[in-house]
Amino acid sequence: MSDQTCNQAAKLRVVILGSGNIGTDLLMKTRRSPVLECVLFAGRNLSSPGMTKASSLGVRISDRGIDAVLDEAAGWDLMFDATSAIDHVHHWSLLEKLGKMVIDMTPSRVGAICIPAINLADCLNQPNVNMITCGGQASMPLAYLIGQTHPQVDYVEVVSSIASRSAGPATRLNLDEYVDTTSGALAYFSGCPKTKAILILNPANPCINMQTTVFAKVKQPNLDALKPLVAAMVTKIQGYVPGYQLLVPPTFENGRIVIMVKVEGLGDYLPRYAGNLDIINCAAIAAAEEYAKKKLAPAGPAPDENCAADGDYSSTHNT
Ligand SMILES: NC(=O)c1ccc[n+]([C@@H]2O[C@H](COP(=O)([O-])OP(=O)(O)OC[C@H]3O[C@@H](n4cnc5c(N)ncnc54)[C@H](OP(=O)(O)O)[C@@H]3O)[C@@H](O)[C@H]2O)c1
């Protein structure tokens, strides 16, 4: 791997660690990016479906996991960790000293939590950015708006259902971490300390689309303020997750605000039902592309850090 330095002509060189559902879908999305190039796809099993796919695309692969990533540290600028929460804690203990940006796809709670539609600019200066969870990416912007428009929220609950087929072994291993990380982020973004996250792995065949419902217990609902903000937020998220759709706009029933969304995927790796891969991977690509634009920008006036928040994402649409 050459030791080139980032410049205007180059793309940001990224490494993907973890060759499962999330890692392989990420690989497909980086290949469409005008500013990212995957220079290494690392895992631990050369004959896994993800490794086979990467190899067939001519991408460099290694089964030496974090050792390959560390050995070739001079040749990459940003790493996505798509392994598991416990593995990420170990990887970060080795990566931190390199001073390179790491985007964590696992619910490890190590890095700064990032929802591109809310706080992307703040995260770009952090060395370790955590994309929370799929249900977190789908629900957090809605819970945030409920918190912004209601001075008192007594309880927030988020229920996501995804197709069982799209949850790899590491997702299953990380179900407890999913609940903790999503609940913690809900409290952070909504301002309500009492929260609960629930994830359903639905075994139905044919597979179901990802769907997420946000419930918020409030005494005095302000739907007039909330509805236009939710509509604008959905449009903003569609700027980087094209398949994000509002199924049930803010509604008040049984003392709770209810909002329901569905996420259809682009079908990059698994079929389109697996919107759970897209909601977190498109968010991670949006963060990486914004970081790349900052790093690759020629010296001069500082770029507008808010451009991503305006929906300026170029590679998420499957054209
Ligand atoms: N699937 C989703 O909907 C989803 C959504 C959001 C976030 N996530 C999170 O993303 C992570 C990955 O989920 P997934 O569904 O993609 O699971 P997965 O299909 O099991 O993928 C994990 C991959 O990482 C590899 N791996 C694990 N530990 C490793 C290590 N120490 N070194 C190198 N490679 C290692 C595994 O290798 P082997 O092939 O040898 O097992 C596997 O290929 C989990 O933390 C999950 O919670 C998943």
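# A two-domain model with a pocket and a ligand

Let's start in a loop: Arg 109 sits between strand E5 (101-104) and strand E6 (112-113). (Strands here are DSSP runs of E with at least two residues, helices are runs of H or I with at least four, and both are numbered from the N terminus.) This is a predicted model, in which local features need pLDDT of at least 70 and side-chain atom pairs count only at pLDDT 80 or more, while totals for chains, interfaces and linings use all residues. Residues are numbered from 1 along each chain as its sequence is written, and side-chain values use heavy atoms, with hydrogens and water left out.

## Odd backbone spots

What is the sign of phi at Arg 109, which is not a glycine? Phi at Arg 109 is positive, at about 65°. Most residues other than glycine have a negative phi, and most peptide bonds are trans.

Asn 254 is another such case: this residue is not a glycine either, yet has a positive phi of about 50°. Look for Asn 254 in the loop between E11 and strand E12 (256-263). With a relative accessible area of 70%, Asn 254 is exposed. (Exposed means over 50% relative accessible area, buried means under 20%, and partly exposed is in between, using a 1.4 Å probe and protein chains only.)

Just before that loop, Glu 253 belongs to strand E11 (residues 244-253). Glu 253 counts as partly exposed because its relative accessibility is 37%. Its C-alpha atom is 9.8 Å from that of Phe 215, although 38 residues separate the two along the chain.

The peptide bond from Asn 205 to Pro 206 is cis, with omega near 5°. Pro 206 has its place in the loop between strand E9 (195-202) and strand E10 (210-217).

## The largest pocket

Now for the biggest opening: the largest pocket has a volume of about 940 Å³. (On a 1 Å grid over the protein atoms alone, a pocket is an open set of points where a 1.4 Å probe fits, with protein on both sides within 12 Å along at least five of seven lines; lining residues have an atom within 4 Å of a point. The volume is the space filled by probe spheres set on the points, which are joined across faces, edges and corners.) There are 42 lining residues, and the closest to the centre of this pocket are Gly 20, Ala 82, Thr 83, Ser 84 and Ala 170. Elements that give two or more residues to the lining include helix H1 (21-32), helix H4 (85-95) and helix H10 (275-296).

Why does this pocket lie between the two domains? Domain 1 (12-132 + 273-310) and domain 2 (134-263) both contribute lining residues, so the pocket lies between them. (The domain bounds come from an automatic or database assignment.)

## Around the ligand

How many residues surround the ligand? The number is 27, and Ile 22, Arg 44, Thr 171, Asn 174 and Asn 276 are the closest. (Being near the ligand takes a heavy atom within 4 Å of it.) The table shows some distances to oxygen atoms of the ligand.

| Residue | Part of the residue | Distance to a ligand oxygen |
|---|---|---|
| Ser 19 | polar side-chain atom | 3.3 Å |
| Ala 170 | backbone N or O atom | 2.9 Å |
| Asn 174 | side-chain N or O atom | 2.7 Å |

## Some buried threonines

Ser 19 turns up again with Thr 24, whose side chain reaches the backbone oxygen of Ser 19 at 3.2 Å. Thr 24 is part of helix H1, and a relative accessible area of 0% makes this residue buried.

Thr 149 is in helix H6 (residues 134-149). Is Thr 149 buried or exposed? Thr 149 is buried, because its relative accessible area is 13%. A polar atom of its side chain lies 2.7 Å from the backbone oxygen of Leu 145. The side chain of Thr 149 also makes a polar contact with that of His 150, at 3.0 Å. (A polar contact is a pair of N or O atoms within 3.5 Å; within protein, one must be able to donate a hydrogen and the other to accept it, and residues adjacent in sequence count only if both atoms are side-chain atoms.)

Over in strand E10 you'll find Thr 212, which is buried at 1% relative accessible area. C-alpha to C-alpha, Thr 212 is 10.0 Å from Asn 276, with their positions 64 residues apart in sequence.
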